[in-house]
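User: Please take a close look at one part of this model and describe what is found there. Then work outward from that part, so that I can see how the rest is arranged around it.

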Amino acid sequence: MTAHFDLIIRGGIAVLPWGEVAADIGVRHGRIAAIGTPPAATATEIVNAQGLHVLPGLIDPHVHLRDPGDAAVESIPTGTRGAVLGGLTAVFDMPNTTPSITDTQRLAWKRDYVQSVAWCDMGLYVGGTKTNIDDLAALEVEPGVCAIKIFAGSSTGDLMVEDDVNLERIMRAGKRRIAYHSEDEYRLQARKPMYKSGDPYRCHAEWRDVECAFLGTRRLMALARATGRPAHILHVSTQEELEYLADYRDIATTEMLVNHLTQVGPDCYDRLGGFGVMNPPIRDQRHMDAAWAAVADGRVDTIGSDHAPHAHAAKLKPWPEVPAGLTGVQTLVPIMLDHVNAGRLSLARMVDLMSAGPARVYGALNKGRLVAGYDADFTLVDLKATRTITNDWIAAPCGWTPFDGMSVTGWPIATIVRGHVVMRDDEVLGAPSGRIVRFA
Ligand SMILES: [Zn+2]
């Protein structure tokens, strides 16, 4: 009897946890059924992966899809469309929407909504606030929740917990790893009067300086150590934090943003104006060098885009009125592949950072490895394809990317989510079939 599969990915180089292997991959019922299929095997659908690398589905663990919010800027349908066009099989979405996701009712609404409109799978953050601390232990184990998110320094939205007393209460409420935006709010506020409207955009990195980030992370690590509560420090942006966090590997994991590996100040502010303004800010070469060193020696666990769209007109405002945040979900994989081609990291390390890493840090079940029995999520990439990233390729309704005009080598050719081919050759296929990610 010949083996029959729902789908066979034929002729590609599979990137397994133990190395690259030329193997056809068989899928049944949305799961990986065989790595290496019999020559006579048949399938309902065959994907030709000749000349391509077959990666386990890549995950962006840090996006703001702004839904509910302003659909003219971004939404879950358009944001996940951008994700699959960009080669991602799952995204983890932040809670600072309008209204924010901070209770069981709003979470349940979002869970149902996602599963009717999303193109990729999704994990959902729940916002921790000063008023929902008693609910967090229950909220963090709700289906689909990747983590509690704490804004310890001000950013977009109305979620903020800046003081040690409330931060410690939150750490003592629950068990799972908490994700933190770490910038010291007191220092941010104290430095604000040093600047005025219309100052150069590069002042963004001077106001939110190295000490703002480092102080925030030192305070969080002291509390995490005292309470024993695991922490994930989002978007670490300074050499000082990276060196400090090396002594907290037992309790803290680290996220790096693609922007901090790709863009450098102050040039980016002179070139991009408001379209270079994000939190924590893009910093100078010293910090970019430290970021790459931390990628190389394993101190970084995950890489995210911090996709945080704003209207084009809003990004033209003078500093500091210009809102912080850049689009990025669609450009994350192409830019990381370009870094692989430039020799800045290996393809294996990229997969570790963008698939295995997020699965390990957040405890995502059946994702993060190309192995039998796991979800049939794949990102097929052509390491040799050269393309130019342009604003008109961007699916987000706001319609811009800070990487407009950038030529990259390495491109996602197909995105497969639990056996559904949802993108092939820059075209979105079928219907939205995204599901909630399951977490341990
Ligand atoms: Zn963010």
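Analyst: Pro68 sits in the loop that runs between β8 and α1 (76–85). The model is a predicted one. The peptide bond that joins Asp67 to Pro68 is cis, with omega at about 5°.

Start with the strand on one side of this loop. β8 pairs with strand β9 (residues 88–93) in the parallel sense, and the pairing has 4 bridges. Leu58 has Leu88 in β9 as its bridge partner.

Which sheet does β8 belong to? β8 is part of an open sheet of 8 strands, in the order β8-β9-β10-β11-β12-β13-β14-β15, and the pairing in this sheet is parallel. β8 (58–63) and β15 (302–304) are the edge strands; each has a single partner strand, so one side of each has no neighbour in the sheet. The loop of Pro68 therefore adjoins an edge strand of this sheet. Neighbouring strands here are turned against each other by 30° on average, with direction ignored. Helix α7 packs on the sheet and touches β12 (178–181), β13 (231–233) and β14 (252–257); the direction of α7 makes about 170° with that of β13.

Helix α7 also has a helix partner. Two packed helices are described by the angle between their axes and the distance between the axes. The axes of α4 (residues 164–172) and α7 (residues 210–227) come within 10 Å and cross at roughly 40°. That angle makes α4 oblique to α7. The crossing of α4 past α7 is right-handed. On the α4 side, the residues that meet α7 are Asp164, Leu167, Glu168, Met171 and Arg172; on the α7 side they are Arg219, Leu223, Ala224 and Thr227. By type, the residues of this contact divide into 4 nonpolar, 1 polar and 4 charged.

Where else does a cis peptide bond occur? One joins Gly265 and Pro266, with omega at about -5°. Pro266 is in the loop between α9 (258–262) and α10 (267–272).

Further along the chain is a loop with an unusual-looking backbone angle to check. Asn366 lies between α13 and β16. Its phi is near 65°, which is a positive value in a residue other than glycine.

Strand β16 leads to a second sheet. This open sheet has 7 strands in the order β3-β2-β7-β16-β17-β18-β19, and the pairing is mixed. β3 (19–22) and β19 (427–428) are at its edges, each with a single partner strand, so one side of each is left without a neighbour in the sheet. Strand β16 (residues 378–388) runs antiparallel to strand β17 (residues 407–417), and 8 bridges join them. Within this pair, Thr379 stands opposite Thr415 in β17. Helix α12 (residues 332–341) packs on the sheet and touches β16 and β17, with its direction at about 125° to that of β17. Helix α13 (residues 347–362) packs on the sheet as well, touching β2 (13–16) and β7 (53–56); its direction makes about 30° with that of β7.

The chain then continues through two hairpins. β17 is joined to strand β18 (residues 420–424) by 4 bridges, and these strands run antiparallel. Val417 has His420 in β18 as its bridge partner. The hairpin of β17 and β18 has 2 residues between the strands, and Arg418 in the turn has a positive phi of about 45°. β18 and β19 pair in the antiparallel sense over 2 bridges, with Arg424 opposite Glu427 in β19. They too form a hairpin with 2 residues between them, and Asp425 in that turn has a positive phi of about 50°.

Near the start of the chain, strand β1 (residues 4–10) runs parallel to strand β6 (residues 42–48), joined by 6 bridges. β1 also pairs with strand β4 (residues 25–28), in the antiparallel sense, over 3 bridges. Ile9 appears in each pairing: it stands opposite Val47 in β6, and its bridge partner in β4 is Ile25.

Last, the whole protein. It has 13 helices and 19 strands. The C-alpha atoms fill a box of roughly 75 × 45 × 40 Å, taken along the principal axes. A compact globule with 440 residues would have a radius of gyration near 22 Å, and the 21 Å of this protein agrees with that.

Conventions:
Residues numbered from 1 in each chain as written. Predicted model: local features only at pLDDT ≥ 70, side-chain atom pairs only at ≥ 80, totals over all residues. Pairing = 2+ DSSP bridges. Contact = placed C-beta atoms within 7 Å. Axes fitted to C-alpha atoms, helices over the stretch in contact; angles between N-to-C directions. Parallel < 35°, antiparallel > 145°, perpendicular 65-115°, else oblique. Left-handed = near helix turned anticlockwise from the far one by under 90°. Nonpolar A, V, L, I, M, F, W, Y, C, P; charged D, E, K, R; others polar. Rg over C-alpha atoms; globule rule 2.2 N^0.38 Å.
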